[in-house]
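Here is a set of short exercises to work through with the viewer open. Try each task before reading the solution below it.

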Amino acid sequence: NLTSVIGNLVSIVSPFFAGLLMAYLLYIPENKIERSYKKAKPRFIRKNARKFAILTTYVIAILILVIIINFILPVLIESINELIGNMENYYNRVIETYNNLPEDSIFKTEKVYNALKELQNFDVQQYLSLDRITGYVKGVVGFATGIFDVFVSIIVSVYILLQRTTIINALRRFVRAIFKNETYETIDKYFTKANQVFFTFISSQLLDAVIVGILTTIAMMILKVKYAPLIGFTIGLFNMIPYIGAIVAVSIGILVTFITGGFGKALAMAVVVIILQQIDANIINPKIIGSSLEISP
């Protein structure tokens with residue numbers, strides 16, 4: 001009974017939490033667009049700047065979602081399907097390359113041989129077939145829509161964005177009523193600063209990941225690396241994970257390129273990607289995040 005009550009409570013409040021999260025994430029672009037509308041000459045637009053900004057933000061968000069679904073996602077799915085379909089041929093090519101190695105090669109060891117045999121027994125289609133991927137997506141969507149109503153969440157997020165000044169003022173009055181004035185000033189100062197830093201860091205990291213993904217994809221296409229969009233997308237996505245993310249993504253990219261294009265192309269790909277990663281780590285990333293957070297790169 002207790003589980004049922006808690007489950008019902010969660011299902012009721014989830015749309016409001018989802019709307020709050022949606023409003024929080026969309027606040028950055030909405031706020032910048034609102035500032036632009038406030039500078040417009042027509043008085044009607046200036047007076048309703050926030051409403052126009054919210055409408056514009058949601059239209060842009062929907063357009064981005066449509067572009068991802070219609071243009072980016074099909075390319076990635078096609079690459080994954082082709083990679084899975086040719087996996088057996090790629091494996092045979094790796095075995096042939098391994099057998100042709102000299103007997104004194106550092107790679108011709110029992111551990112490498114056993115690893116290749118284990119790889120042969122691994123059924124990649126069991127986890128990455130199109131039906132499986134579709135099932136994963138449907139499961140996530142079904143889970144999300146089962147917890148909260150998307151429509152309610154959007155409405156809640158719109159009202160939060162519209163009334164955020166009133167909501168923030170109410171929270172400030174609440175905090176001021178509980179704590180002493182000195183404590184309130186400290187809480188307000190650090191909360192505002194932490195919120196600003198968090199917003200800026202996340203948006204900067206996302207922008208950096210997009211830039212790295214695009215640059216890597218273009219470089220891979222110039223080198224005529226197979227599955228360039230998939231490798232570029234993976235490296236850009238993993239680039240948001242500090243330290244180990246880039247290492248894992250580049251390692252996966254090198255492995256896929258080695259299997260599909262041979263040692264020479266994998267070496268060229270590794271050199272180019274490592275150079276791009278160094279440019280990002282030492283120039284692009286510090287410039288974007290350093291300038292945004294007003295700290296030294």
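## The loop between H10 and H11

**Exercise 1.** Locate Tyr227 and describe its backbone and its surroundings.

*Solution.* Begin with its place in the chain: Tyr227 is found in the loop between H10 and H11. Keep in mind throughout that this is a predicted model.

Next, look at the backbone. The phi of Tyr227 is positive, near 60°, and the residue is not a glycine.

Then ask about cover. The relative accessible area of Tyr227 is 5%, and buried means under 20%, so Tyr227 counts as buried.

Now list the partners. With neighbours within four places in sequence left aside, Tyr227 is in contact with Ser79, Glu82, Leu83, Asn86, Tyr90, Val256 and Thr260.

Finally, look at the face of the ring. The charged end of Lys226 sits over the ring of Tyr227, at 5.5 Å from its centre.

**Exercise 2.** Turn to Lys224: is this residue buried or exposed, and what is its phi?

*Solution.* Lys224 is also placed in the loop between H10 and H11. Its phi is positive, about 60°, although Lys224 is not a glycine. For the accessibility, compare 67% for Lys224 with the cut-off for exposed, which is over 50%. Lys224 is therefore exposed, whereas Tyr227 is buried.

## The helix before the loop

**Exercise 3.** How does the span of H10 relate to the span expected at 1.5 Å a residue?

*Solution.* First take the extent: helix H10 covers residues 181–222, and it has 42 residues. From its first C-alpha to its last, H10 reaches 61 Å. The expected value is 62 Å, and the span of H10 is close to it. Past the helix, H10 is followed by Lys224 with its positive phi.

## The nonpolar cores

**Exercise 4.** Which residues have the most contacts inside the largest nonpolar core, and which elements give two or more residues to it?

*Solution.* The largest nonpolar core has 22 residues. Those with the most contacts inside it are Leu83, Met220, Tyr227, Ile231, Ile235, Met269 and Val273. The elements that give two or more residues to this core are H3, H4 (87–99), H10, H11 (228–238), H12 (244–261) and H13 (263–293).

There is also a second, separate core of seven residues, with Leu26, Tyr58, Val156 and Leu161 among them.

**Exercise 5.** Take Ile235 from the largest core and trace what surrounds it.

*Solution.* Ile235 lies in helix H11. Its relative accessible area is 0%, and Ile235 is buried. Beyond its neighbours within four places in sequence, Ile235 is in contact with Val212, Thr216, Ala249, Val250, Met269, Val273 and Gln277. Two of these names, Met269 and Val273, also appear in the list of core residues with the most contacts. For a C-alpha distance, try Ile235 and Gly245: they are 10 residues apart in sequence and 8.1 Å apart in space.

## The aromatic pairs

**Exercise 6.** How many aromatic pairs does a search of the whole structure find, and what does the pair of Tyr27 and Phe199 tie together?

*Solution.* The search finds five aromatic pairs. In one of them, Tyr27 and Phe199 are tilted, with 5.6 Å from centre to centre and 35° between the planes. Tyr27 lies in helix H1 (residues 2–38) and Phe199 in helix H10, so the pair ties together parts that are 172 residues apart in sequence. Tyr27 is partly exposed at 27% relative accessible area, whereas Phe199 is buried at 10%.

Now do the same for Tyr37 and Phe52. Their ring centres are 6.0 Å apart and their planes stand at 50°, so this pair is tilted. Tyr37 belongs to H1 and Phe52 to H3 (residues 49–85), and the two are 15 residues apart. Tyr37 counts as partly exposed at 24%, and Phe52 counts as partly exposed at 27%.

To finish the step, join the pairs up: Tyr24, Tyr27, Phe198 and Phe199 are linked by ring pairs into a cluster.

## The chain as a whole

**Exercise 7.** Summarise the secondary structure, burial and contacts of the protein chain.

*Solution.* The chain comes to 13 helices and zero strands. Of its 297 residues, 28% count as buried. The chain exposes about 20300 Å², and carbon and sulfur atoms supply 70% of that area. Among contacts with a separation of 6 or more, 66% come from residues 24 or more positions apart.

Notes:
Residues numbered from 1 in each chain as written. Predicted model: local features only at pLDDT ≥ 70, side-chain atom pairs only at ≥ 80, totals over all residues. Heavy atoms only, no water. Phe/Tyr/Trp six-rings, centres within 6.5 Å; stacked < 30°, edge-to-face > 60°. Helix = DSSP H or I, 4+ residues; strand = E, 2+ residues; numbered from the N terminus. Buried < 20%, exposed > 50% of the residue type's maximum accessible area, 1.4 Å probe, protein only. Lys NZ or Arg CZ within 6 Å of the ring centre and 35° of its normal. Expected span 1.5 Å × (residues − 1). Contact = heavy atoms within 4.5 Å. Areas by Shrake-Rupley, 256 points an atom, 1.4 Å probe, with all protein chains shown as cover. Core = buried A, V, L, I, M, F, W, Y, C linked by side-chain atoms within 4.5 Å.
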